[in-house]
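This briefing covers cysteines and strand pairing. Look through the structure below before reading the points.

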Amino acid sequence: KFKRGTTRKWVWISAGVHSTTLLKLTPSCNSRSKTQRRHAAHFTFQPDPVPTQYGPTQKMNLFQSITSALDNTLASDPTAVIFGEDVAFGGVFRCTVGLRDKYGKDRVFNTPLCEQGIVGFGIGVAVAGATAIAEIQFADYIFPAFDQIVNEAAKYRYRSGNLFDCGNLTIRAPWGCVGHGSLYHSQSPEAFFAHCPGIKIVIPRSPVQAKGLLLSCIADKNPCIFFEPKILYRAAVEQVPVEAYTIPLSQAEVLQEGSDVTLVAWGTQIHVMKEVANMAQEKLGVSCEVIDLQTILPWDIETVCKSVVKTGRLLISHEAPVTGGFAAEISSTVQEECFLNLEAPISRVCGYDTPFPHIFEPFYIPDKWKCFDAIKKMINY
């Protein structure tokens, strides 16, 4: 409860059942100070087991694993170049820190604040035969480059009858909610690009996955968009292999096997799904199968449908608004392929159809409580 007082004190305000904000009262205004900080995230990061098949490992957070992947690429591929807004000094999230000093200003360099120009330049670099790694500073600002991605990069091979292509282009962008990003630093725009044949879209859940999947995108002979969950840049820490390795694209990963409900997500939301699966087991005795889609386009239909045939129920969750979100595509496909196996309607737990809010973010995000309620409804259907 919020208790007013006339003396300086710290008090707690409960924002729903899942988020808490620390506020300060002062004698002069007896109200909120201008500074607030989120006390609790809507998820708990759960690291994967330490990989043993790729050689020695080192403790890294997610942004450091991205740096490591880029370092490996620049060291092994003399044609590789990295460019974007502020990447020369390391970028706003420090993902390229130290690379310009190590490899030179001709290979790691800043661009003007022009996303359309960044991607257009990247297409040209890739068509010329070099490996182009472009950074868009936030996924929210990728839209000025939409025409270059959808009408140029995605169609270059097709329109030339495979005489030319820009398959060496990889576009990186920080993605998703971060706790305080509001309208223009929190969006998840993967569904906009999932409607476009000719590109691949990948979203990792952890540092180990981020490095392996990014290196796969860079090596893939199709233009790729690699969205990086920015809330995990520092929150996610794992033992990551030091040397280069790849993780196959378009292969979903079953993180936890179950028999009653299939839970599908990607990026940060995977960690919410893991918590939900534990809650369902403890409170309801319900066994959940958790699947990380990893690649949004082309997505792994077989793995998801195989799971739904077994469980008979499907819950899909993502941060982006529900209408037209990629959960709708998954839901439609599963309904077509697994209709006779379904024991309950497919459930989508997603963001609301509003701009991404600031102070109301705790109520907007598809947290574990919303997902848990959806599981109860499916079980009781």
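**Cysteines and strands**

A search of the whole structure, which is a predicted model, finds 0 disulfides. The points below take the cysteines, then an open sheet of 7 strands, then strand E14 and its partners.

**Cysteines**
- The closest cysteine sulfur to that of Cys-217 is in Cys-224, at 4.1 Å, which is too far for a bond, because a disulfide needs the two sulfur atoms within 2.5 Å.
- Cys-217 counts as buried because its relative accessibility is 0%.
- Cys-196 also counts as buried, with a relative accessibility of 4%.

**The open sheet**
- The 7 strands of this open sheet follow the order E6-E5-E7-E8-E10-E9-E15, and their pairing is mixed.
- Strand E6 (108-110) and strand E15 (295-297) stand at the edges with a single partner strand each, so one side of each has no neighbour in the sheet.
- On average, neighbouring strands of this sheet are turned by 20° against each other, direction ignored.
- Strand E9 (residues 200-202) pairs with strand E10 (residues 224-229) in the parallel sense, over 3 bridges.
- In that pairing, Cys-224 of E10 stands opposite Lys-200.

**Strand E14**
- Strand E14 (residues 288-292) is mostly covered, with 5 of its 5 residues buried.
- Cys-288, Val-290 and Asp-292 point one way from E14, while Glu-289 and Ile-291 point the other way.
- Strand E12 (residues 253-256) runs antiparallel to E14 and is joined to it by 3 bridges; Val-254 has Ile-291 as its bridge partner in E14.
- Strand E13 (residues 261-265) pairs with E14 in the parallel sense over 5 bridges, and Val-261 stands opposite Cys-288.
- From E13 the chain crosses through helix H9 (residues 269-284) to E14, in a right-handed β-α-β crossover.

Definitions and conventions:
Residues are numbered from 1 along each chain as its sequence is written. This is a predicted model: local features need pLDDT of at least 70, side-chain atom pairs count only at pLDDT 80 or more; totals for chains, interfaces and linings use all residues. Side-chain values use heavy atoms; hydrogens and water are left out. Buried means under 20% relative accessible area, exposed over 50%, partly exposed in between (1.4 Å probe, protein chains only). Two strands pair if DSSP finds at least two bridges between them. Helices (H or I, at least four residues) and strands (E, at least two) are DSSP runs, numbered from the N terminus. Axes are lines fitted to C-alpha atoms, for helices over the stretch in contact, and angles run from 0 to 180 degrees between N-to-C directions. A crossover is right-handed if, with the strands pointing away from the viewer, the path from the first strand over the helix to the second runs clockwise.
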